[in-house]
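Visitor: Could you walk me through this one? I'd like to go part by part and ask things as they come up.

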Amino acid sequence: MAGLAYHLTTFGCQMNVHDSQRIEGLLESLGYEEVAEASLADLILLNTCSIRESADRRLATQLGNAKRFKAARPGVVIGVGGCWAQSLKDEVFARYPFVDVAFGPGQVDQLGAFLLSDSLTAQGYFEFEGFTADLPMRAKQTAAAWMQISVGCNQRCSYCIVPSTRGLERSRPLEDLVAEAERLVSRGAREITLLGQNVNSYGRDLRPQRRSFAELLVAVDAVDGIDRLRYMSPHPQDIGAEVIAAHVELESLCEHIHLPLQSGSSKILKAMRRTYNRERYLERVAMIREAVPEISLTTDIIVGFPGESEEDFQQTLSLAEQVKFDAAYTFCYSPRRGTEAAGIAERVVSPELASERIGRLIEVVQRSAHQRAQRFVGHRVEVLVEGHSRTNLERLRGRTRHNKAVNFDGIAEPGELIEVEIDRASSASLGGRATLVASATR
Ligand code: 5AD
Ligand code: SF4
């Protein structure tokens, strides 16, 4: 069966063209195929630019088209990335409620995570020949690689289409994953992100020998030449002491956990069938922070789930205030065919109200992200160099172990790990200059 089709339109400068190549590589590695017409695509992406009004006008036309295509085929997913999306981040969903995902420059990887976690997986793009086949390589190999560790999901989140159509979780054998990590490293990868719907339940289905996610972390960390290891996403129900301890013990395992919350209201969490409540989530956060105090915590939150009252939403806001996330991906609830929640007809939250709530939530999240980012100012951090800065070609760009994007002055090649002294920090990125010291501290 053919994979899902995508159509990507790129606006603006060379940097966007470069980013679009990365997006294409990412999509192709996930099994998507490019189509010439947006009207035929399952995934319509616009990599936007905010520099000129003409780009705005062209974008408005493209968005209008995308909206029409989606009206004709409701399963179509619309994503907006790039500078315009970044500059309008608080308003994108309010102004264009048909947009499913928005991401700024430098967050291309988040698009991958969204696509893997969301309903799209259901529609059959993981058409790999079993697990023995290699994942298709990105068009361009970069120092940061992805590795699919499992498909399917054993959870039954009521808003999510993945379990109903992708079936139960199937893990790839640990030996295959280690071999693949070795291959990736031999081709230049220094960082590997392990991907799965619920990475913590990895390996429970493997026979004759069951495996655990912590075991997999240990095995991949031991691969010669791997500098950084990440994973996405754990389920708050399952992230346990062993995995948290791995963050302390394994040198390559980065100081960042993406822990999807979805809602701060125990009532809504129950309706979502998330199998944890507000208190349990907070306990997990406390456990993580006790082990690794400076760790970055990011999350996914859905607003406007059916039955979400103002009081429930306040619970989400207060939890976000309390935890102080380093970043959060916020989504307006959208009913997906065949899911339990799509059948709920009572107390549906209007798109306008959901947009208004998401705006309030983004404000809280950005405030905490900004505050949290200040802890890096005045410190030297290790940066994996990605290329030129998007806004200033004389500067470079990379990512820290805490998963913060960094723009900095200095001379370095993509794929190098260098040390950068941070002199400013915002909710979205850090700024600084490369030091002359060869190896970076962690
Ligand atoms: N509506 C809105 N957001 C959703 N997500 C998954 N399904 C839906 C849905 N039906 C979000 C969740 C998940 C993220 C990748 O996508 O927050 O963690
Ligand atoms: Fe969907 Fe929940 Fe499984 Fe994530 S854990 S894929 S949200 S059912």
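Guide: First a word on naming: helices (H or I, at least four residues) and strands (E, at least two) are DSSP runs, numbered from the N terminus. This is a predicted model, in which local features need pLDDT of at least 70 and side-chain atom pairs count only at pLDDT 80 or more, while totals for chains, interfaces and linings use all residues. Residues are numbered from 1 along each chain as its sequence is written, chains are lettered from A and ligands numbered from 1 in the order in which they are written, and side-chain values use heavy atoms, with hydrogens and water left out.

Visitor: OK, where is Ser368 found?

Guide: Ser368 sits in helix H13, which covers residues 351-373.

Visitor: Is Ser368 buried or exposed?

Guide: Its relative accessible area is 6%, so Ser368 is buried; that word means under 20% relative accessible area, exposed means over 50%, and partly exposed is in between (1.4 Å probe, protein chains only).

Visitor: And what is Ser368 in contact with, leaving aside its neighbours within four places in sequence?

Guide: With that restriction, Ser368 is in contact with Lys324 and Phe325, where contact means heavy atoms within 4.5 Å. A polar atom of the Ser368 side chain lies 2.9 Å from the backbone oxygen of Phe325.

Visitor: Switching to the sheet, what is the order of the 3 strands?

Guide: The order is S6-S9-S10 in an open sheet with parallel pairing; two strands pair if DSSP finds at least two bridges between them. Strand S6 (144-148) and strand S10 (228-232) each have a single partner strand and stand at the edges, so one side of each is left without a neighbour in the sheet. On average, neighbouring strands of this sheet are turned by 25° against each other, direction ignored.

Visitor: How many bridges join S9 to S10?

Guide: There are 5 bridges between strand S9 (residues 191-195) and S10, and Leu195 has Met232 as its bridge partner in S10.

Visitor: Which helix lies across S6 and S9?

Guide: That is helix H7 (residues 174-186), which runs at about 160° to S6; axes here are lines fitted to C-alpha atoms, for helices over the stretch in contact, and angles run from 0 to 180 degrees between N-to-C directions. Helix H8 (residues 213-221) also packs on the sheet, where it touches S6, S9 and S10 and makes about 155° with the direction of S10.

Visitor: Now the odd backbone spots: which peptide bond has omega near 0°?

Guide: The bond from Arg207 to Pro208 does, and it is cis; Pro208 lies in the loop between S9 and H8. Another cis peptide bond joins Met232 and Ser233, with omega about -10°, and Ser233 is placed in the loop between S10 and helix H9 (241-249). As background, most residues other than glycine have a negative phi, and most peptide bonds are trans.

Visitor: What is the phi of Thr275?

Guide: Thr275 has a phi near 65°, which is positive in a residue other than glycine, and Thr275 counts as partly exposed at 45% relative accessibility. Arg347, also not a glycine, has a positive phi of about 50° and is exposed, with a relative accessible area of 53%.

Visitor: Last one: at what angle do H11 and H12 pack?

Guide: The angle is about 10°, with the axes of H11 and helix H12 (residues 310-323) 12 Å apart. H11 and H12 are therefore roughly parallel to each other, a label for angles under 35 degrees, whereas over 145 counts as roughly antiparallel, 65 to 115 as roughly perpendicular and the rest as oblique.

How values were computed
A polar contact is a pair of N or O atoms within 3.5 Å; within protein, one must be able to donate a hydrogen and the other to accept it, and residues adjacent in sequence count only if both atoms are side-chain atoms.
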